[in-house]
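Trainee: I should like to learn how the strands, the core and the ligand surroundings of a model are read. Could we begin with a single strand?

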Amino acid sequence: MNDNSIDSDQFRRACGLWGSGVSIVTTVDAAGTPYGLTMNAVSSLSLNPAMFLVCVDNGSDTLPPMLESRVYCVNILTQQQQDLSNRFAKKGQDKFSGVTWSSGVTGAPIIAQTLISLECEVSNVYEGGDHQIFCGVVRGLVSNEAADAEPLLFYSGRYAELVKS
Ligand SMILES: Cc1cc2nc3c(=O)[nH]c(=O)nc-3n(C[C@H](O)[C@H](O)[C@H](O)COP(=O)(O)O)c2cc1C
């Protein structure tokens with residue numbers, strides 16, 4: 001399916017007008033190697049059972065290990081973690097070098113100093129155009145000492161700060 005009536009640049013700009021938080025979604029392969037990428041196409045899905053979904057590009061290097069392990073962790077970033085967001089938004093072998101992380105109930109990396117980490121076990125994977133939609137049951141919630149920090153936000157292609165009204 002390819003709807004040529006929609007200009008892709010215009011569509012990209014339109015999507016950017018949906019302001020969001022920023023997360024690093026992680027997984028681990030069978031050898032214990034951690035993978036992860038910066039993501040904002042993530043969403044709460046269900047309250048009972050607790051479910052959270054993420055949409056991963058078919059070209060992502062994190063996709064194959066995620067399909068194999070069927071676990072992922074959504075690490076929601078603080079304002080102080082913009083450098084980490086930039087690092088995980090690029091391809092590379094050494095993304096985790098110098099990053100403090102631990103394994104929780106699923107084995108997917110929990111990154112330290114985030115707002116919160118949602119540990120998920122995949123229940124369903126659906127094709128969505130050039131992305132895969134992972135629906136996951138939340139098996140663990142890890143909040144840490146940064147839980148009351150300000151969130152990192154993304155709007156119109158740039159990072160943004162929260163202004164409380
Ligand atoms: C703010 C922001 C949000 C992003 N959101 C997504 C997303 O929701 N899904 C996705 O597949 N890629 C997203 N990306 C792009 C990936 O982070 C980027 O393609 C990364 O290099 C993929 O790494 P990998 O191939 O090692 O998995 C986003 C990038 C940025 C900067």
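Mentor: Let us begin with β3. All six of the six residues of β3 are buried, so this strand is largely enclosed by the rest of the structure. Please keep in mind throughout that the model is predicted.

Trainee: Which residues of β3 point one way, and which the other?

Mentor: The general idea comes first. In a regular strand, side chains alternate between the two faces of the sheet. In β3, Pro34, Gly36 and Thr38 point one way, while Tyr35, Leu37 and Met39 point the other way, and all of them are buried.

Trainee: Is β2 enclosed or open to the outside, and how are its residues directed?

Mentor: Six of the six residues of β2 are buried, so β2 is likewise largely enclosed by the rest of the structure. Ser23, Val25 and Thr27 are directed one way from β2, and Ile24, Thr26 and Val28 the other way; all are buried.

Trainee: How many bridges join β2 and β3, and in which sense do they pair?

Mentor: As a general matter, the strands of a sheet pair through backbone hydrogen bonds, in either a parallel or an antiparallel manner. Here β2 and β3 are antiparallel and share six bridges. Within this pairing, Val28 stands opposite Pro34, and Thr26 has Gly36 as its bridge partner. Five residues lie between the two strands of this hairpin, and Gly32 takes a positive phi near 90° there.

Trainee: To which other strand is β2 joined, and by how many bridges?

Mentor: β2 is joined to β6 by four bridges, and the two run antiparallel. In β6, Val74 is the bridge partner of Val25.

Trainee: What does Val25 contact beyond its neighbours in sequence?

Mentor: With neighbours within four places in sequence left aside, Val25 is in contact with Gly36, Leu37, Met39, Val42, Val54, Tyr72 and Val74.

Trainee: Which residues of the largest nonpolar core touch the most other members?

Mentor: This core has 28 residues, and those touching the most other members are Val25, Val54, Tyr72 and Val74. The elements that give two or more residues to the core are β2 (23-28), β3 (34-39), β5 (51-57), β6 (71-76), α3 (82-88), β8 (109-111) and β9 (116-128). β6 gives the most, with five residues.

Trainee: Which residues come nearest to the ligand, and how is the shell composed by class?

Mentor: Of the 16 residues around the ligand, Leu37, Ala41, Asp57, Ser60 and Thr62 come nearest. By class, the shell comprises eight nonpolar, four polar and four charged residues. β3 and β5 each supply at least two residues of this shell.

Trainee: In what order do the strands of the open sheet lie, and why is one side of each edge strand left without a neighbour?

Mentor: Three strands form this open sheet in the order β1-β11-β12, with antiparallel pairing. β1 (20-21) and β12 (158-160) stand at the edges and have a single partner strand each, so one side of each lacks a neighbour in the sheet. Two bridges link β1 to β11 (residues 153-155) in the antiparallel sense, and Ser20 stands opposite Phe154 in β11.

Trainee: Where does Trp18 lie, and is it buried or exposed?

Mentor: Trp18 lies in the loop between α1 (8-16) and β1. A residue counts as exposed if 12 or fewer other C-beta atoms lie within 10 Å of its own; Trp18, with 11 C-beta neighbours inside 10 Å, is therefore exposed. The C-alpha atoms of Trp18 and Tyr155 are separated by 6.8 Å, although these residues are 137 residues apart along the chain.

Technical notes: Residues numbered from 1 in each chain as written. Predicted model: local features only at pLDDT ≥ 70, side-chain atom pairs only at ≥ 80, totals over all residues. Core = buried A, V, L, I, M, F, W, Y, C linked by C-beta atoms within 7 Å. Buried ≥ 20, exposed ≤ 12 C-beta atoms within 10 Å, placed from the backbone. Contact = placed C-beta atoms within 7 Å. Pairing = 2+ DSSP bridges. Near = placed C-beta within 6 Å. Nonpolar A, V, L, I, M, F, W, Y, C, P; charged D, E, K, R; others polar.
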